[in-house]
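Please load the model in your viewer and keep the selection tool at hand, since this tour moves from the whole chain to a few side chains.

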Amino acid sequence: MGGCTQNTLVVVVSLVTVSYKGEGVPPGNYGNYGYANSGYSACEEENERLTESLRSKVTAIKSLSIEIGHEVKTQNKLLSEMDSQFDSTTGFLGKTMGKLKILSRGSQTKLLCYMMLFSLFVFFIIYWIIKLR
């Protein structure tokens, strides 16, 4: 701090307080606590400048934390929606797997016969389409 002496302790909260460090009143001029008017006002001006700087930084941090809070709420909502969609997909896949298990328990010859008939039908359709060209 430029013009402030080593005997001062600067506390910045919402108001600026300059107090003397030590016991009792400092020696010298008792009316202005040993400071020349220009030195004291320089410290006061510097404290005001630092207070304003601190106030602007606190305001910026406050707005940033509010924006982070909104973003967290949005992301939590998105995650809960995804969770419900995954749950429904899991149920759908579970039902499909159950149906496949039932299908696989049936006779294999019946399934093989259906597959062969389907294959012959598809080849016949393809042959017919090529022949008509």
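Begin with the whole chain of this predicted model, which exposes about 11,700 Å², with carbon and sulfur atoms supplying 66% of that area. Of its 133 residues, 6% count as buried, and among the contacts that join residues at least 6 apart in sequence, 58% link residues at least 24 apart.

Next, colour by secondary structure and follow the chain from the N terminus, where the elements run in the order β-β-α-α, giving two strands and two helices.

Now select helix α1, residues 37-105, and within this helix pick Glu 52 and Arg 55, which lie three residues apart, about one turn of the helix. Show their side chains, which meet in a salt bridge with an N to O distance of 2.4 Å; the count for the model comes to one salt bridge. Side chains of opposite charge can pair when their charged atoms come close. Are these two partners buried or exposed? Glu 52 has a relative accessible area of 45% and is therefore partly exposed, and Arg 55, with a value of 40%, is partly exposed as well.

Then move along to helix α2, residues 108-132, where Val 122 is placed. Select Val 122 together with Phe 118, Phe 121, Phe 123, Ile 126 and Ile 130, and display their surface: these residues make a nonpolar patch of about 640 Å². Finish on Val 122 itself, which is partly exposed because its relative accessible area is 30%, between the limits of 20% for buried and 50% for exposed.

Notes: Residues numbered from 1 in each chain as written. Predicted model: local features only at pLDDT ≥ 70, side-chain atom pairs only at ≥ 80, totals over all residues. Heavy atoms only, no water. Helix = DSSP H or I, 4+ residues; strand = E, 2+ residues; numbered from the N terminus. Buried < 20%, exposed > 50% of the residue type's maximum accessible area, 1.4 Å probe, protein only. Contact = heavy atoms within 4.5 Å. Areas by Shrake-Rupley, 256 points an atom, 1.4 Å probe, with all protein chains shown as cover. Patch = residues over 30% accessible without salt bridge, like charges linked within 9 Å, V, L, I, M, F, W, Y side chains within 5 Å. Salt bridge = Lys/Arg side-chain N within 4 Å of Asp/Glu carboxyl O.
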